[in-house]
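Dear colleague,

Please find below the structure that I would like to hand over to you. The findings follow directly after it.

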Amino acid sequence: MFKNTFQSGFLSILYSLGSKPLQIWDKEVSDGHVKRLQDDDIQSNVLEIVGANLQSTYITCPADPNATLGIKLPFLVLIVKNLNKYFSFEVQILDDRNVRRRFRASNFQSLTRVKPFICTMPLKMEDGWNNIQLNLSDLTRRAYGTNYVETLRVQVHGNCRLRRIYFSDRLYSEEELPPEFKLYLPDKMKH
């Protein structure tokens with residue numbers, strides 16, 4: 001999908017304020033919802049994914065199951081709100097041995113497990129909004145002893161609220177981020 005795109009800096013694959021935030025995503029909803037709503041904490045539109053069953057309510061990118069993202073930027077960042085319910089997301093990557101591997105992070109697991117094609121990791125989330133950053137290059141090297149080539153797919157399961165999902169070439173400090181990549185909290189946070 002992005003394979004032939006020049007990639008540097010930031011590449012956003014979901015932005016809750018866009019006119020069609022799920023334009024390149026597919027959604028699967030069973031006994032829940034995926035909808036845009038106003039979040040009181042940040043006074044902004046966000047995408048809420050809520051479902052009774054984590055496995056059957058999710059969004060996945062790209063929408064076409066046979067397509068791949070082809071994103072080579074090694075840092076994945078999710079700006080996500082903790083709803084104090086089960087939540088997980090998964091990233092499928094390709095390594096330099098041409099093997100597809102998955103990293104799944106969830107807030108209900110306590111141990112990291114590395115299996116040949118999937119690595120599951122615990123996800124510690126603070127109350128409210130979180131900035132989750134994954135160094136896919138480092139994770140691939142540590143879990144499999146191989147090198148990260150590109151990200152093929154991203155899947156986010158309920159239950160959460162999303163502001164943005166993007167890739168970057170490195171970790172950026174808050175001051176370096178473009179304004180639209182920051183999570184602005186209302187004035188009460190600035191005092």
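Tryptophan 25 is buried in this predicted model, because its relative accessible area is 5%, which falls under the 20% limit for burial. The residue is found in the loop between strands S1 and S2. If neighbours within four places in sequence are left aside, tryptophan 25 is in contact with Ile13, Leu14, Ile59, Thr60, Cys61, Ala63, Val154 and Ile165. Leucine 78, by comparison, is 53 residues away along the chain, and its C-alpha atom is separated from that of tryptophan 25 by 15 Å.

One of these partners, isoleucine 165, deserves a description of its own. Isoleucine 165 lies in strand S13 and is buried, with a relative accessible area of 0%. Apart from residues within four places in sequence, the contacts of isoleucine 165 are Ser12, Ile13, Leu14, Trp25, Leu76, Val77, Leu78 and Val156. Ile13 and Leu14 thus appear in the contact list of tryptophan 25 and again in that of isoleucine 165. Isoleucine 165 and leucine 22 are 143 residues apart in sequence, while their C-alpha atoms are 11 Å apart in space.

Two residues of strand S11 were also examined. Glycine 128 lies in this strand, which covers residues 128-135. Not counting residues up to four places away in sequence, glycine 128 touches Val80, Lys81 and Asn82. Its C-alpha atom and that of asparagine 84 are separated by 8.8 Å, with the two positions 44 residues apart along the chain counted as their separation. Asparagine 135 is likewise placed in strand S11. With the same exclusion of sequence neighbours, asparagine 135 touches Pro74 and Phe75. Asparagine 135 counts as partly exposed because its relative accessibility is 27%, a value between the limits of 20% and 50%. The C-alpha atoms of asparagine 135 and valine 77 are 8.9 Å apart, and the two residues are 58 apart along the chain.

Turning to the backbone, I would draw your attention to two cis peptide bonds. The bond from cysteine 61 to proline 62 is cis, with omega near 5°. Proline 62 lies in the loop between strand S5 (58-61) and strand S6 (75-82). Cysteine 61 is also among the contacts of tryptophan 25. The bond from glycine 158 to asparagine 159 is cis as well, with omega near 15°. Asparagine 159 is found in the loop between strand S12 (148-157) and strand S13 (160-168).

Positive phi values occur in two residues that are not glycine. For aspartate 31, phi is near 55°. Aspartate 31 lies in the loop between strand S2 (26-28) and strand S3 (32-39), and it counts as exposed because its relative accessibility is 63%. For glutamine 43, phi is about 50°. Glutamine 43 is found in the loop between S3 and strand S4 (44-51), and it is exposed, with a relative accessible area of 52%.

As to the overall architecture, the secondary structure comes to 1 helix and 13 strands. From the N terminus, the order of elements is β-β-β-β-β-β-β-β-β-β-β-α-β-β. The C-alpha trace spans about 50 × 40 × 30 Å along its principal axes. The radius of gyration is 16 Å, which agrees with the value near 16 Å that a compact globule of 191 residues would have. Buried residues make up 51% of the 191 residues. Of the contacts between residues at least 6 apart in sequence, 70% join residues at least 24 apart.

The protein exposes about 9800 Å², of which carbon and sulfur atoms supply 47%. There are 26 positive and 21 negative side chains, and the centres of these two sets lie 4 Å apart.

Finally, a word on confidence. The mean pLDDT of the protein is 91, and 92% of the residues score at least 70. Among the elements, strand S1 (residues 10-15) has the lowest mean pLDDT, at 92, and strand S7 (residues 88-95) the highest, at 98. Where pLDDT is low, the predicted coordinates should not be read in detail.

With kind regards

Technical notes:
Residues numbered from 1 in each chain as written. Predicted model: local features only at pLDDT ≥ 70, side-chain atom pairs only at ≥ 80, totals over all residues. Heavy atoms only, no water. Helix = DSSP H or I, 4+ residues; strand = E, 2+ residues; numbered from the N terminus. Rg over C-alpha atoms; globule rule 2.2 N^0.38 Å. Buried < 20%, exposed > 50% of the residue type's maximum accessible area, 1.4 Å probe, protein only. Contact = heavy atoms within 4.5 Å. Areas by Shrake-Rupley, 256 points an atom, 1.4 Å probe, with all protein chains shown as cover. Lys, Arg positive; Asp, Glu negative; His and termini not counted. Charge placed at Lys NZ, Arg CZ, Asp CG, Glu CD. pLDDT = per-residue confidence, 0-100.
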